[in-house]
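Visitor: I'm new to this one, and I'd like a close look at a single part of it. Could you pick a spot, stay with it for a while, and then show me how it sits in the whole?

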Amino acid sequence: MDWSQAARGYDWQLPLERRALEAAVDLAQPHRDDSVLDLGTGTGGLLRELARRRDRPYYAVGVDESSAMLERAKSVPRGWSLETGDARRLRFADHAFTIVTAAYLLHVVDAASRRQIIAEARRVLRPGGRLVVVSPTWPRTRMARMLYAPLAALAGSAAGPRGAFRPLDPRLLLESASLRLTAARYVGRGYPSICLAATR
């Protein structure tokens with residue numbers, strides 16, 4: 001997938017992600033001694049929210065396949081890093097992180113890639129570690145669902161930026177990867193989104 005063109009204006013829509021990113025960080029329950037891996041970090045929206053927390057982790061890595069997106073990411077705190085990489089084939093050792101996040105990633109890849117990403121997230125997560133994912137979902141009111149339907153139809157089964165508005169509920173995907181769901185939170189402000197937390 002090519003996110004080079006989308007990278008130029010991606011941060012303009014970041015305020016519509018902000019409430020869900022805040023909820024994701026809340027569900028991750030980060031502490032200073034955590035090590036965090038953010039998959040599909042893009043321009044670093046989730047890492048920015050994480051950096052604002054008083055007890056932010058000492059170590060975090062944001063990984064994205066698009067160097068154009070990473071070039072537009074703002075600087076990260078000392079000890080953190082951004083790197084180009086494929087979330088389906090991570091370079092990190094087994095059990096390397098206490099928290100793994102994937103915000104607005106799973107719905108823009110195909111079904112096989114989703115399974116690979118979740119399997120890799122589980123592999124690099126320590127036993128008892130926390131995985132948090134965020135995906136667009138259907139709005140809860142009838143009128144909002146009617147308004148959202150054309151965007152969902154336009155997304156269809158496309159991968160990459162064209163699939164940005166595809167609703168996806170990854171619960172079964174997480175459970176099939178032997179991850180235990182611990183929390184689910186619906187966020188209706190900004191992009192209607194579902195935030196899920198699971199443990200290894």
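**A close look at I118**

Guide: Let's start with I118, which counts as buried, because its relative accessibility is 2% and the cut-off for buried is under 20%. Keep in mind as we go that this is a predicted model. You'll find I118 in helix α5, which covers residues 111-124. Who keeps I118 company? Setting aside the neighbours within four places in sequence, I118 touches L106, L131, L173, L174, A177 and L179. For a sense of distance, try P30: I118 and P30 are 88 residues apart along the chain, and their C-alpha atoms are separated by 20 Å.

Now step back to the whole protein for a moment. There are seven helices and seven strands in its secondary structure. Reading from the N terminus, the order is α-α-β-α-β-α-β-β-α-β-α-α-β-β. The radius of gyration is 16 Å, close to the 16 Å that the globule rule gives for 200 residues, so the protein is as compact as a globular protein of that length. If you drew a box along the principal axes, the C-alpha atoms would fill roughly 45 × 35 × 30 Å.

I118 has plenty of buried company, too: 52% of the 200 residues count as buried. As for contacts between residues at least 6 apart in sequence, 69% of them join residues at least 24 apart. On the outside, the accessible surface comes to about 10,000 Å², and carbon and sulfur atoms account for 51% of that. The charges are worth a glance as well: there are 31 positive and 20 negative ones, and their mean positions lie 5 Å apart.

Another buried residue to set beside I118 is S193, with a relative accessible area of 0%. S193 belongs to strand β7, which takes in residues 193-199. A polar atom of the S193 side chain lies 2.8 Å from the backbone oxygen of Y191. Beyond the neighbours within four places in sequence, the contacts of S193 are A20, Y104, V134, S135, P136, T137, R185, Y186 and V187.

For a contrast with I118, go to helix α6 (residues 142-155), where you'll find A149. A149 is partly exposed, because its relative accessibility is 31% and partly exposed means between 20% and 50%. From A149 you can also look across to A197: these two are 48 residues apart along the chain, with their C-alpha atoms separated by 27 Å.

Two loop residues round off the tour, and they have a backbone quirk. Most residues other than glycine have a negative phi. Q29, though, has a positive phi of about 50° and is not a glycine. Q29 sits in the loop between α2 (14-28) and β1 (35-39), and with a relative accessible area of 49% it is partly exposed. The other one is H95, also not a glycine, whose phi is positive and near 60°. H95 lies in the loop between β3 (81-84) and β4 (97-103), and at 37% relative accessibility H95 counts as partly exposed.

So, back to where we began: I118 is buried at 2% relative accessibility, in helix α5, with L106 and L131 among its contacts.

How values were computed:
Residues numbered from 1 in each chain as written. Predicted model: local features only at pLDDT ≥ 70, side-chain atom pairs only at ≥ 80, totals over all residues. Heavy atoms only, no water. Helix = DSSP H or I, 4+ residues; strand = E, 2+ residues; numbered from the N terminus. Buried < 20%, exposed > 50% of the residue type's maximum accessible area, 1.4 Å probe, protein only. Polar contact = N/O pair within 3.5 Å; in protein donor to acceptor, adjacent residues only side chain to side chain. Contact = heavy atoms within 4.5 Å. Rg over C-alpha atoms; globule rule 2.2 N^0.38 Å. Areas by Shrake-Rupley, 256 points an atom, 1.4 Å probe, with all protein chains shown as cover. Lys, Arg positive; Asp, Glu negative; His and termini not counted. Charge placed at Lys NZ, Arg CZ, Asp CG, Glu CD.
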